[in-house]
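Hi,

Here is the structure I promised to pass on. Have a look at it first, and then read my notes underneath.

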Amino acid sequence: MFNAYLRFSPFVICIALCLLSLIGVYWSAWYLLPAVLFGLLVFMGFRDLTQSNHAVLRNYPVLGHIRYFFELIRPEIRQYLIESDEEEVPFSREARAIVYQRAKNVEDKRPFGTKKRVYDGGYQWLTHSIRPRKIENHDFRVLIGGPACTQPYDASIYNISAMSFGALSANAILALNTGAKMGKFYHDSGEGGISRYHRQGGGDIVFEVGSGYFGCRNDDGSFSAEKFAEVAAWDQVKMIEVKLSQGAKPGQGGVLPAAKISEEIAEARGVPMGQDCVSPASHSAFTTPIEMMEFIQRLRELAKGKPIGFKLCIGHRREFMCIVKAMLETGTTPDFIVVDGKEGGTGAAPLEFANHMGMPLVEGLTFAHNTLRGAGLREQIRIGASAKLIHSFDIAKALALGADWANSARGFMFAIGCIQAQACHTNHCPTGVTTQDPQRYRALVVPDKAERVYNFHKNTMKALGDMTGAAGLTHPSGFLPHHLMMRENDRDMVTGEDVFPYMPVGFLLREDDERFGYLKRWRRSSAESFIPFDDGV
């Protein structure tokens, strides 16, 4: 009986106060205000008692809403009051702070030493030289384009990863692309096509061709060679990237509901208004490894020799080897491959996919790099790395493990004001980055945020140059596995060369190195089909 009194007492108090306020109106009209307020609470309480969806509200009328309120603001409470600087959710406060500081061109140094637990297992560091070098030019670049490429692209080694217009707001896309133009680095369009805001920014674009062929599709959703050739001919488009899978939700397509498709999104994607926009899980233009290479060769011809590559999150390692075997059999090789780590992903994804599907970047990058070395193709094909790469150590580590350049999506989102509210899929982004609501994204002032994009890239490259010089190198491409050290447990340390060594060039063709299971998968792979002939992966 006492528990029931506690549960219903707020509701009873509201009824009593509402009645007292109504009586008070006899003496003063000002009592109407509390009467209306408590009247609304009384109405809420009766609704709570009669509704059937929420047991908490039936048992705790009026009072139960406090629980839902605190649940609503729980992420903000944790972010601003509870979480530590090192706690990753998914980016730590320290990681976000370094982006904000570099984007704003303010002091990014830290006093009083590291907060890292340097004697705990998993801690990593780079080795430095007694004879460091001073690097003046921080505009680090890599030339992308294999033997068949007639228009190679001189890319920055740090660029904006794929984020589609539709997932990001108009002002966010415009700010990112304008900043990319200022800093002379590229902006990946994402699979949503190239919008008017990409074009307005004027920066270099990598045109991503996904399974929905947005921006280069026929009315039935199939690939349109004519539309592709038209887009690929634009001066702004420097490379073409075929998306096989992405880190956040590998192996899954997506649907953009008709209600969310604006005229601008329909224009960029080449889809009709009033219909759901479907992105299939796999491509319809090819079904086998050999057909995939033939598709890449077709794109190269349509693009008049611009670099053609593909992006994937490594899944079945044998399937990647099937693609490599198709390269050898057809003589067609992509100009680049972007390896996306499963920890990547700016868009919303099912929890199980985000947490448990796909290979993390370190293992995926190492596998792709060594497979190409084993097939004797590594010198012809550049490798990009995409994941949680937001400061110079992240980039240096990726380069040491086999990448030629790095891409970041969320790092540049932070640069334009993202506060990691994790409301990207709700259309209620508080900073206007991931919403299509004009009243929200008007808060994102393009000239200011474009300057921050430029500053973040510039200052990150300077920090990378400082680390490169400290290691005694002249260019970040000089980082190798032996520069990377890792604490394996609470006392033992190993080098990256011990854990992630570069395999010998041509070892798969010679079949003379059985380490790490590469040969086992190589012997089970085929250029004719992705379908396995046994149960292995």
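Below are some notes on two helices and a few salt bridges.

Before you start: this is a predicted model, where local features need pLDDT of at least 70, side-chain atom pairs count only at pLDDT 80 or more, and totals for chains, interfaces and linings use all residues. Residues are numbered from 1 along each chain as its sequence is written, and side-chain values use heavy atoms, with hydrogens and water left out.

Let's begin with helix 12, residues 317-330. (Helices are DSSP runs of H or I with at least four residues, strands are runs of E with at least two, and both are numbered from the N terminus.) The expected span of a helix is 1.5 Å times one less than its number of residues. For the 14 residues of helix 12 that should give 20 Å, and the end C-alpha atoms are indeed 20 Å apart. Its buried residues (under 20% relative accessible area; exposed is over 50%, partly exposed in between, with a 1.4 Å probe and protein chains only) are Arg318, Phe320, Met321, Cys322, Ile323, Val324, Lys325, Ala326 and Met327. What covers them includes helix 11 (289-302), strand 10 (308-312), strand 11 (336-340) and helix 14 (361-374). After helix 12 comes Gly331, with a positive phi near 75 degrees.

Helix 15 (residues 392-400) is mostly covered, with nine of its nine residues buried. Among them are Phe393, Asp394, Ile395, Lys397 and Leu399. This helix is followed by Gly402, whose phi is positive too, near 130 degrees.

Now the salt bridges (a side-chain nitrogen of Lys or Arg within 4 Å of a carboxyl oxygen of Asp or Glu). The count comes to 17. In one of them, Asp404 pairs with Arg378, and their closest N and O atoms are 2.9 Å apart. Asp404 sits in the loop between helix 15 and strand 13 (405-408) and Arg378 in the loop between helix 14 and strand 12 (382-386), so the pair ties together parts that are 26 residues apart in sequence. Asp404 is buried at 17% relative accessible area, and Arg378 is buried at 11%.

Another one joins Arg523 and Glu511, at 3.4 Å from N to O. Arg523 belongs to helix 21 and Glu511 to the loop between helix 20 and helix 21, so this bridge links parts 12 residues apart in sequence. Arg523 is partly exposed at 43%, as is Glu511 at 38%.

Finally, Arg196, Glu264 and Glu267 are linked in a network of salt bridges.

Cheers

Note on methods:
Contact = heavy atoms within 4.5 Å.
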